[in-house]
Amino acid sequence: LAMPVVDPALEERLVERLARIEEMLADHCKGRAQFVSEAATHLMMAGGKRFRPLLVLLAAEAGPHPDADAVDTAACVVELTHVASLYHDDVMDEASLRRGAHTANARWDNNVAILTGDFLFGRSSELTAELGPEAVLIQARTFTRLVEGQIMETVPPGPGEDPLEHYLDVVAGKTGSLIATSARYGAMFSGARPEVVEALSSYGEIVGSAFQLTDDILDIASESDTSGKTPGTDLREGVPTLPVLMAQASTDPADARLLSLLGRPLVDDAEHAEALELLRRHPAIDQARGHVLAEAARAKKLLEALDPGPVRTALESFADIVATRTS
Ligand code: FPP
Ligand code: MG
Ligand code: MG
């Protein structure tokens, strides 16, 4: 993900701060036993994009007097929470690879992965306590939403519930919530006005969800050489994604064959290739892209609460980068 910055001085400042945050993260992976440190460092240092810390830092530029120590601590809190959740997610998804490395559950086992996630969440909570009771409450609420989103993903939509709405709710919970909190912490620890804090938090929620939804589109639309992933992985596993859900809403008889293939795992190679081909040519792809672009526009509109300048411009281009990314 490119650094969305137009002002070289701001960019230099952000790069320096991210380096400091990187050191703090490494430090907070250390436990009393060597094995705990090794297991915790494993995924933390496997090369994440640090999307959440970057958003904390950017949002902190929107306030009149940032408290640099609190901002950096908050950046660590959100990244530690994120990585903790990935240890658990890889157990739930039975994933064996993440960021090109073996997952903790593959390298060791589920017990190690679950407890390492708990350990990192504990470290994150220790740091949150340094930020005071308001931050602790925000972190607790975020954790609740993360877990609720992750649980709701395992159950189908309720009777009469729109599958697309259900899915967008899941995404907002499991991904949007922590990214909203990243922006909220940044704004809050820089003395931003309450309406700016709320605007940035909503901005984070929308941009965070859009980030997940672009993943869905790339799973269908991208070639493996640009995305670094195998196209159609979600499709193969029968995981609902935005383009698939949009295609499933079609009543066009011409879609009968596609609809008969969707919504179940596609273990057969020929069926998988056929579904991928049909989806790539289906208007649902453009409809999904349109949805993401409209969400990015909605996020940018919220930035009108900020004064015009390099920070607002950077946040605008951050939303554009997320919505139009190709890898
Ligand atoms: C990845 O989604 C998973 C998440 C964004 C959230 C996971 C949340 C939890 C496990 C609950 C919180 C737990 C703690 C300890 C904070 P994905 O599987 O769609 O994406 P992937 O392709 O990156 O695996
Ligand atoms: Mg997963
Ligand atoms: Mg998952």
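1. How many residues has the largest nonpolar core, and which of those have the most contacts inside it? In this predicted model, the largest nonpolar core has 88 residues, and Val56, Tyr203 and Val207 are those with the most contacts inside it. Helix α9, residues 194-221, gives the most to this core, with 14 residues.

2. Val56 deserves a separate remark. Leaving aside residues up to four places away in sequence, Val56 touches Val71, Ala74, Ala75 and Val78, and also Ser182, Tyr185 and Gly186.

3. The next point concerns the packing of two helices. The axes of α4 and α8 are 9 Å apart, and the two helices pack at an angle of about 170°. Because angles over 145 degrees count as roughly antiparallel, α4 is roughly antiparallel to α8. On the α4 side the contact is made by Val71, Ala74, Val78, Thr81 and His82; on the α8 side it is made by Leu178, Thr181, Ser182, Tyr185 and Gly186. By class, the residues of this contact divide into five nonpolar and five polar, with no charged residues.

4. The surroundings of ligand 1 form the last topic. There are 15 residues around ligand 1, of which Ala84, Ser85, His88, Asp89 and Gln150 come nearest. At least two residues of the shell are supplied by each of α4 (68-92), α6 (110-130), α7 (133-152) and α8 (163-188). The largest share, five residues, comes from α4. In terms of class, the shell around ligand 1 has six nonpolar, six polar and three charged residues.

5. Helix α4 thus links two of the points above: α4 packs with α8, and α4 also provides the largest share of the shell around ligand 1.

Notes:
Residues are numbered from 1 along each chain as its sequence is written. Chains are lettered from A and ligands numbered from 1 in the order in which they are written. This is a predicted model: local features need pLDDT of at least 70, side-chain atom pairs count only at pLDDT 80 or more; totals for chains, interfaces and linings use all residues. A residue is near a molecule or strand if its C-beta atom, placed from the backbone, lies within 6 Å of it. Helices (H or I, at least four residues) and strands (E, at least two) are DSSP runs, numbered from the N terminus. Ala, Val, Leu, Ile, Met, Phe, Trp, Tyr, Cys and Pro count as nonpolar, Asp, Glu, Lys and Arg as charged, and the others, Gly among them, as polar. A nonpolar core is a set of buried Ala, Val, Leu, Ile, Met, Phe, Trp, Tyr and Cys residues joined through C-beta atoms within 7 Å. A residue is buried if 20 or more other C-beta atoms lie within 10 Å of its own, exposed if 12 or fewer, and partly exposed in between; C-beta atoms are placed from the backbone. Two residues are in contact if their C-beta atoms, placed from the backbone, lie within 7 Å. Axes are lines fitted to C-alpha atoms, for helices over the stretch in contact, and angles run from 0 to 180 degrees between N-to-C directions. Angles under 35 degrees count as roughly parallel, over 145 as roughly antiparallel, 65 to 115 as roughly perpendicular and the rest as oblique.
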